[in-house]
Amino acid sequence: MHTMWSGGLKLKGYKTISNQQKSITAPIPNTLIIPLQQHIGQLTHPVVQVGDKVKKGQCIAQSKHFISAAVHASSSGTVTAIENHPVAHPSQLATPCIIIKTDGKEEWITHHGTSNYQQLSRAELRDRIGKAGIVGLGGAVFPTQVKLTPPSDTRITTLILNGAECEPYITCDDRLMREQASEILQGMAIIAYILKVPHVIIGIEDNKPQAYQTLQHALSQTALFPQLNVEIIQVPTIYPAGGEKQLIYTLTGKKIPSYELPAQQGIVCHNVATCFSVYEAIVKGIPLISRLVTVTGQKQGFNVRTLIGTPIQDLLDYVAYHPTIKHTLIMGGPMMGTALSNTRIPIVKASNCILLQDTPPFEQTMPCIRCAQCSHVCPVNLLPQQLYWYARSKEFDKIQDIHLFDCIECGCCSYVCPSHIPLVHYYRYAKTEIWNKEKQKQKADLARTRHEFHLFRLEREKKEKAERHKKKKTTLNKTKTDAIQAALQRTKAKKQPTNNSDKNTMQNDPNPTDSHSQVSTPDKDKSLL
Amino acid sequence: MLNVLFVLSGLTLAFGMLLGYAAVRFKVESSPIVEQIDALLPQTQCGQCNYAGCHPYAQAIAKNEADINQCPPGGEATIQALAELLDREIIPLNEEHGRHDLPKVAIIDEQTCIGCTLCIQACPVDAILGAAKQMHTVITNECTGCELCLPPCPVDCIRMETTTEDIEDWRWPYPNTYTTTLPGS
Ligand code: SF4
Ligand code: SF4
Ligand code: SF4
């Protein structure tokens, strides 16, 4: 049973290049390059130093923030550097990485899991998942423990497992479902237990019949806790069937409005590979230190279990792929992936695919002919052509009014555009410009408040200074008048006794110089003013 | 029935007049245009516009005493925004006031600093920490890059550094006319 969203593309899959044989395991590379930021959220901080010996599975970077994911050593060895290194990112910029020289011993840190997870509290399970550094492996790399902590006022009724894997060429989830079906189901049960959901739907594109059958079979064999109702549903193979909101609509008929999370509609969606990692973390005590990566694009493709931090060059060498200048190297799929300029870039938690393709011919962009093909294929029912006009003319208010931020950057519109307009590039340009404007504004607001406070402080200090002066002056004036009074009194006293006796005078004013010094005090003070 | 209508229209008229009066009476005092202009200025507080800061410049623009192209830190983007707000022509930056440059922050060489506090007094946003005869340091996040702390330093130990581009702050460039058939890149 499923409802279908409008738009999308029927693409040639190229899946059989890589999904026909069992997955293989890449050897331990000499050097591991492990970025501190492999997730959405706060940057982690290293907890090891250069020169430290690390064991396999040891936490090497973490963050106090909740929305973050710990980072672990994928193999044993020595930390040789903590430095900026290029990573897979369209900017080609470098970001902080921990570099480990491996010793090949694969010495594990002590770790243990439990299959009796129901003995543990839900909070403890979430904490273990967070400490294992698990993030969404479908591509969004959002920290999993955050998704397992819905706001207290929402009740999650449905858990969806995303096994659609809709982008051409990529088959790592397909192979994982075929090879580790029971582990995926156990990971799913742990997530369902944490979220207290009674109902799970697993969505798989209908171009993966073996994965579907293996999971069905495993479901009948695996003892899950009884109150869990699990459905496995095949969905039509239309790109992007695996988009979160698209899959939810297909499986439940529910539309998630703009700016809303599925959780607000009682739905949480996890990728099948994430479930496998949850199983490993809880049952075996193994943090996220490796993943299945599809290496494909040439005659023969592979699915390779690869340690996080393995340089792409090592992986390419292992499967005998030799990129030349005629090739384009992509991390991810052909529709949404990132072109790479350099093979020293490491495999990270998000790397589902390394695609080595012949570079497509350059196409000259032509003017938009308003054919509206882009709007027909948009799975979110946006107006790509209108978005393009506003991005092009930098009308960033108007572009948000027509829901730029609902665009999932699936690339369907660019794919069909007969004028070869790089539409998605325009949307990404507009999005990052808008974010940047927002950041600038916040920075300016901070500076304005601080400057206003600065002016206020100067004003206050000026006032205080003036006050101090005034006070000093009045106290001085007081001493002055007091002194004058005293002097007057003395003269009076002097005058009076002179009439009576000289002796008295001597007593009252024993020292004339003394009286002189007293009278002169105010003058001295005056000079100080 | 008619009475009700009269009363209602009377009330409407009265309130309308009240509103109109209020608009005129309170307009000058709140001067929202100055605040609107100020909201578009970068708040670097550098004084390159020849005013004592962004707010005074905003006041001068509002009074038509200054042109909209005198703020180098804001550059083209600020001129554009001001032109839009004030319904004026977009004009190029008046380079007599300086050139638009990459964002910078001040760094104090803590070895050389003698702790004279002169830079603290110059900083328009109180972004420098330190006490007399103690080494000073700049709170990088709050430094606007105005460079006002440079001239007073008697030992020239403050330098400006272009802020390195963070991967988080990276922006997609404006697309050029060539493209490959890879839809996402
Ligand atoms: S598909 Fe391309 S040419 Fe056609 S309307 Fe959309 S942007 Fe214009
Ligand atoms: S990239 Fe965005 S605008 Fe284009 S089809 Fe996909 S969702 Fe629609
Ligand atoms: S030049 Fe610009 S940033 Fe500097 S004080 Fe004037 S308005 Fe503010």
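**Exercise 1. The interface of chain A and chain B**

In this predicted model, determine how much area is buried between chain A and chain B, and which residues of chain A lose the most area to chain B.

*Solution.* Begin with the total: about 3,800 Å² is buried between chain A and chain B, and carbon and sulfur atoms give 58% of that area. Turning next to the side of chain A, the residues that lose the most area to chain B are H425(A), R448(A) and R450(A), which together make up 16% of what that side buries. Finally, count the residues that take part: 44 residues of chain A are in contact with 37 residues of chain B.

**Exercise 2. Polar links and the elements behind them**

Find how many salt bridges and how many residue pairs in polar contact link chain A and chain B, and then establish which element gives the largest share of the side of chain A.

*Solution.* The count of salt bridges between the two chains is 5, and one salt bridge joins the side chains of K439(A) and D169(B), with 2.8 Å from N to O. For polar contacts, the rule finds 15 residue pairs across the interface, where both residues have pLDDT 80 or more. Sorting the side of chain A by element, those that give two or more residues are β18 (363–364), α11 (384–392), α13 (412–416) and α14 (423–500). Of these, α14(A) provides the largest share, with 19 residues. Sorting that side by class instead gives 19 nonpolar, 15 polar and 10 charged residues.

**Exercise 3. The shells of the two ligands**

Describe the residues that surround ligand 1 and ligand 2, by name and by class.

*Solution.* Take ligand 1 to start with: its surroundings include the cysteines C368(A), C371(A), C374(A) and C417(A), together with residues such as R370(A), Q385(A) and L423(A). By class, this shell divides into 8 nonpolar, 2 polar and 1 charged. Ligand 2 is surrounded by 13 residues, of which the closest are C378(A), C407(A), C410(A), G411(A) and C413(A). The shell around ligand 2 divides into 11 nonpolar, 1 polar and 1 charged, and α13 and α14 of chain A each supply at least two of its residues.

**Exercise 4. A sheet in chain A**

Work out the strand order of the open sheet of 6 strands, and identify its edge strands.

*Solution.* Reading across the sheet, the order is β1-β14-β13-β17-β15-β16, with mixed pairing. The edge strands, each pairing on one side only, are β1 (24–25) and β16 (338–340) of chain A. Within the sheet, strands β15 (residues 327–331) and β17 (residues 353–358) run antiparallel and are joined by 5 bridges; here I330(A) stands opposite L355(A) in β17(A).

Definitions and conventions
Residues numbered from 1 in each chain as written. Chains lettered and ligands numbered in written order. Predicted model: local features only at pLDDT ≥ 70, side-chain atom pairs only at ≥ 80, totals over all residues. Heavy atoms only, no water. Contact = heavy atoms within 4.5 Å. Buried area = accessible area lost by both parts, 1.4 Å probe. Salt bridge = Lys/Arg side-chain N within 4 Å of Asp/Glu carboxyl O. Polar contact = N/O pair within 3.5 Å; in protein donor to acceptor, adjacent residues only side chain to side chain. Helix = DSSP H or I, 4+ residues; strand = E, 2+ residues; numbered from the N terminus. Nonpolar A, V, L, I, M, F, W, Y, C, P; charged D, E, K, R; others polar. Near = heavy atom within 4 Å. Pairing = 2+ DSSP bridges.
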